[in-house]
Amino acid sequence: MKKHAYLIIANRNPEQLQILLTLLDDHRNDIYLLVDQKSMPFPKKFQLNYAAFNSLDPLPINWGDYSQIAAEMLLFKAAAHGKYDYYHLLSGQDLPLTNQDEIHAFFDEHPHKEFVTYSSQKDRRQLLNRVQKYHFTNKFRNQSISLRLFRKFENIQHNLFPIKKDLIDKLAFGSQWVSLDDDLVQLLVKQEEQITEMFDQGFLVDELLVPTMINLYPEFKARVYYNKPVHDLPKEFQGNLRYIDWWDGAPYVWREKDYETLLAARKNGHFFSRKFDAEVDNVIISKLAEGILEKV
């Protein structure tokens, strides 16, 4: 029997997370959960009937710095021993758009493919600046004048004297949310030291991890299911099979009025979507979940 691992990073809304887990609860799946240590108290256990559940020790995760990659790597390492056919990295604000029978059937038909969304290429020097040595990277949303001035000085310095110039032709970026086969996950785990060396003092590096590693190990480039980069337009297909509305520059939170849009996204080949937030609109979450469970 082919098995999948669902790797989830969560930071809010435990009740909403339970709905996601219920939709993934299948004997063909194992679930690995990592919660941001800064989040509200989460229950140690969730109600599951079929999937094996593994809860990792919480980790403080900060927007913009290496801790996001650290969280992903902890999940990959925890699951890699299972040698799953596929590993799906999700956030706690994701939902599947269909049931597990359809998801497993699709991935059975596409073995050894890597599902990644590439973003339209930025200037290579901009990408190189992301992997330079930065200080206080866990405070990229801090609005203090002194820190902003210091960061501006660092950016000028890195533009004039970039450190990791050897990476400039290998860097690529896209969505951090991916579905990968076992071969690529085993490579990521094996190359953890290389990954740390490349990214641990940069910023916004979570978007670089998988696309750059595929560039560094080109045998995986031919495995990418869909490599056409997106430009954040509504009708584009997103190669990671996750329908995410970035049209206005930030991930939009779906509402009940978007139900038909999400059904259309499923018909166009997207199996997951984000962003959902029960504190913004719980109706769309319930409506999607009920529709999926009725098909089981």
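This passage walks through the strands, one small sheet and the nonpolar cores of a predicted model. Residues are numbered from 1 along each chain as its sequence is written. Because the model is predicted, local features need pLDDT of at least 70 and side-chain atom pairs count only at pLDDT 80 or more, while totals for chains, interfaces and linings use all residues; side-chain values use heavy atoms, with hydrogens and water left out.

A good place to begin is strand 4, which spans residues 86-91. Strands here are DSSP runs of E with at least two residues, helices are runs of H or I with at least four, and both are numbered from the N terminus. Six of the six residues in strand 4 are buried, where buried means under 20% relative accessible area with a 1.4 Å probe, counting protein chains only. In a regular strand, side chains alternate between the two faces of the sheet. In strand 4, Tyr86, His88 and Leu90 point one way, whereas Tyr87, Leu89 and Ser91 point the other.

Strand 4 also has partners, and two strands pair if DSSP finds at least two bridges between them. With strand 1 (residues 4-10), strand 4 pairs in the parallel sense over six bridges, and isoleucine 9 has serine 91 as its bridge partner there. With strand 6 (residues 179-181), strand 4 runs antiparallel, joined by three bridges; histidine 88 is matched with serine 179.

Elsewhere, three strands form an open sheet in the order 5-8-7, with mixed pairing. Strand 5 (94-96) and strand 7 (242-244) are at the edges with a single partner strand each, so one side of each has no neighbour in the sheet. The twist from one strand to the next averages 25°, an angle between N-to-C directions on a scale from 0 to 180 degrees, with axes fitted to C-alpha atoms. Strands 7 and 8 (residues 272-274) run parallel and share three bridges, with arginine 242 opposite phenylalanine 272.

The largest nonpolar core holds 45 residues, of which Leu7, Leu180, Ile195 and Phe199 touch the most other members. Such a core is a set of buried Ala, Val, Leu, Ile, Met, Phe, Trp, Tyr and Cys residues joined through side-chain atoms within 4.5 Å. Elements supplying at least two residues each include strand 1, strand 4 and helix 2 (67-80), and helix 2 gives the most, with seven. Apart from this core lies another, of 38 residues, among them Tyr6, Ile31, Phe46 and Ile292.

Terms used:
Buried < 20%, exposed > 50% of the residue type's maximum accessible area, 1.4 Å probe, protein only.
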